[in-house]
Amino acid sequence: MFRNLINLIKSNKVIFLFLIIGSFLRLYHLNFQSPWLDEIHTLNEANPKLSFNEVHDALLIAEPHPPLYFFIMNVVFKIFGYSTFIARMVSAIIGIAGLYSIYLLGKELFSKKVGIYAMILLSVNYFHIYYSQDARMYGLLFLTTTLSFYYLTRLIKTPTLKNTLIFGFVSTLMIYSHFFAVFTLFAQYIILLYYIIFPFNISRARFFKYSLISGLMTIILYIPTYKLILKTTEMKSIWIQMPSLDVYTQFFKDFFGQSETILFFIVPLIIFYFIKLFDENQNQKNTINPIEDKNIFSFIVLFLWILITIIIPLIRTYTSLPMLVNRYFINILPAVLIMISIALSMINNKTVKYGMISILFVFSLSDIIIVKKYYTQPNKSQFREASEFVKSNSKPNEIIYSSLSWYFNYFFNEPKIIDKPFNSIISETKNDTTLLAPFWYINSHGNKFEISKENEQFFNDNYVVDKNFEGYDAWAKRFTPKKLIKNDIKIDKFKPFTKPNYGNKIKAWIEKFDIQNDSIKIVGWSFLEKIDSKNSDIYLVFLNDNQNKIVLTTLINRPDITATENCNIDYNNSGFDLKLLKKELNKGVYRLSINIKNGKKEGITMTDKVIDIK
């Protein structure tokens, strides 16, 4: 048995090599990115505390998606634990299965080489890697669609009851993955209709019977989702915007990470595919032989697959409700990649052929790792990091608000966050100043921190932001009433300020020093060397012979400083931000210094910045 396995690997070494490469790219830094809004939907709606009926009901309330992916997640959470990592591991495994499925389809539809080329292209495809690390159903849609066409091809080539039942079952799984799969299923039925009219290797009546069995099987198995289907058809409005005229061009670019270099090679290959197709002679018979007429057969399958999947939602978008989102069309990505792979297989010159494959592989990989910095740079809304910042910096009984409380409460393991617009909080406090108290506000998904003009003056007079997190499409701030700020900093002990540093040694840098007509904006970072910055407070000191102004800054989370210092000390709490009105300073020339207090540790450092208030 072991020897057979070794022989299998040797005879399919290229397949195993790119399965390993593709697997690594889908598993590496799997939990690096924060779960974003849609992934939190998955985590909440597939909560292991819920039964299948409750999961189904949750989908009816929140988002009417078919339930297969959520049922899978619900079971996995109950067995292996409830976390983002587990959710994404399921997607990664599904994505890896997608690699092998496209090999199977390419091999069955055209040849083993086409299957291998398609798998190579998919292994480094940015779009597929992204959704293989996303706790959503799109990787499952890719997998089930690819397998469904694989078994459709087998059914046409070898029309048996067994292949009929397998095709019907896998097609059901496909439409249980995402509603857009229904459009693809319609494309499959048109292909079946053609072979009912012009049957291959079977009588018309018998192939009609097989087609009818598979269709009825799919319809019957799909009946349990009728409430979700009705909910979808009843929708009168949606978050999706009307598309631009070049929407499908943009989707095609999205499939390849919007990389101009990759597209430069992909587009000529697709053109070459059609040129070779145009050279095909007309078959005297209407029946297309899927074995002998591979070019025509593959074209019919791939063309109808792509065309019908994109044309029906386009029509519905302009006649009923917008529904075009790039990820919903991941189920046509296999068809596009196989089309490109067929073109590669038709290149006679081996140097050109393998050169093109190498170029596409290398440039795709470098685009992911170097250009996009996919594994090292945040590209998903940092719900998790903003929540961790609040949890690690908030005090007992401090109220936390958000306009996305349903999402953020996942990270707090309890319904802790109150859903309320920020300006409503300020308006209520303005009308009743007894409500003045410290509070947090946390938000994400394009919701920026904004103060209305009606509340701006009251806010500036009464609040300071003493804790601040600014992440990728996420932020969190603690607002403290000015009357509660105790400024017990004593700097006279450091006089006469003729040295660069006093007290504990400080490392600091001013990144932004902007003096405007009525205000001063200062941004930078600073920390006491070799001391954890978690409990640090950073003050900016404006030194003048007649007046010293000491101002508490807004602290900003700066994990990049910890990473740059490359030590085991946490300097995350080292960023600062200050906007000071000039009217708060008397006339005169001020030298800027930075003061840090961390428990009993304290230091002050002079900067080279000077402010002249006239």
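The legends below describe close-up views of a predicted model.

**View 1. The nine-stranded sheet.**
This view shows an open sheet built from nine strands with mixed pairing. Read across the sheet, the strands follow the order β2-β1-β3-β5-β4-β11-β12-β8-β7. Its edges are formed by β2 (418-419) and β7 (506-515), each of which pairs on one side only. Within the sheet, β11 and β12 run antiparallel and are joined by three bridges. Leu-555 has Phe-576 in β12 as its bridge partner. In a regular strand, side chains point alternately to the two faces of the sheet.

**View 2. A helix across two strands.**
Here helix α22 lies across β4 and β5 (474-481). The direction of α22 is at about 100° to that of β4. Both α22 (453-462) and β4 (463-471) also give two or more residues to the lining of the largest pocket, the subject of the next view.

**View 3. The largest pocket.**
The largest pocket has a volume of about 1,200 Å³. Its lining comprises 34 residues. Which residues lie nearest its centre? They are Phe-459, Asn-460, Tyr-463, Val-464 and Lys-579. The elements that supply two or more lining residues are α22, β4, β8 (519-528), β10, β11 (554-556) and β12 (575-581). By class, the lining of this pocket holds 15 nonpolar, seven polar and 12 charged residues.

**View 4. The five-stranded sheet.**
A further open sheet consists of five strands in the order β6-β14-β13-β9-β10, and their pairing is antiparallel. Strands β6 (501-503) and β10 (549-552) stand at the edges, each pairing on one side only. On average, neighbouring strands of this sheet are turned by 25° against each other, direction ignored.

**View 5. Two strand pairs of the five-stranded sheet.**
Strand β13 (residues 588-598) runs antiparallel to strand β14 (residues 601-613), and 10 bridges join the two. One of the residues that can be located here is Val-589, whose bridge partner in β14 is Asp-612. Strand β9 (residues 537-543) pairs with β10 over four bridges, also in the antiparallel sense. For Tyr-539, the bridge partner in β10 is Leu-552. How many residues does the hairpin that joins β9 to β10 pass through? The connection runs through five residues.

**View 6. The packing of helices α9 and α11.**
Helix α9 (residues 138-157) packs with α11 at an angle of about 5°, and their axes are 11 Å apart. Because an angle under 35 degrees counts as roughly parallel, α9 is described as roughly parallel to α11. On the α9 side, the contact involves Leu-141, Thr-145, Ser-148, Phe-149, Leu-152, Leu-155 and Ile-156. On the α11 side, the residues they meet are Ala-181, Thr-184, Gln-188, Ile-191, Leu-192 and Tyr-195. By class, this contact between α9 and α11 has nine nonpolar and four polar residues, with no charged residues.

**View 7. The second largest pocket.**
The second largest pocket holds about 990 Å³ of space. It is lined by 41 residues, and His-65, Ile-238, Trp-239, Ile-240 and Tyr-328 lie nearest its centre. Five helices, α3 (37-45), α4 (52-62), α8 (126-132), α11 (181-197) and α13 (226-233), each supply at least two residues of this lining. Helix α11 thus appears here as well as in its packing with α9. The lining of the second largest pocket divides into 25 nonpolar, eight polar and eight charged residues.

**View 8. The two cavities.**
The model has two cavities of 30 Å³ or more. The largest cavity has a volume of about 90 Å³. Its lining is formed by Leu-121, Val-124, Asn-125, Tyr-126, Phe-256, Ile-262, Ile-266, Leu-337, Leu-360 and Ser-364. Helices α15 (260-278) and α18 (350-371) are the elements that give two or more residues to this lining. Eight residues of the lining are nonpolar and two are polar, while no charged residue is present. The second largest cavity holds about 30 Å³ of space. This second cavity is lined by His-29, Leu-30, Phe-32, Gln-33, Arg-88, Gln-133, Tyr-374 and Lys-380. By class, these are three nonpolar, three polar and two charged residues.

Notes: Residues numbered from 1 in each chain as written. Predicted model: local features only at pLDDT ≥ 70, side-chain atom pairs only at ≥ 80, totals over all residues. Heavy atoms only, no water. Pairing = 2+ DSSP bridges. Axes fitted to C-alpha atoms, helices over the stretch in contact; angles between N-to-C directions. 1 Å grid on protein atoms, 1.4 Å probe; cavity = no way out; pocket = protein on both sides within 12 Å on 5 of 7 lines; lining within 4 Å. Points joined across faces, edges and corners; volume = space filled by probe spheres on them. Nonpolar A, V, L, I, M, F, W, Y, C, P; charged D, E, K, R; others polar. Parallel < 35°, antiparallel > 145°, perpendicular 65-115°, else oblique. Contact = heavy atoms within 4.5 Å.
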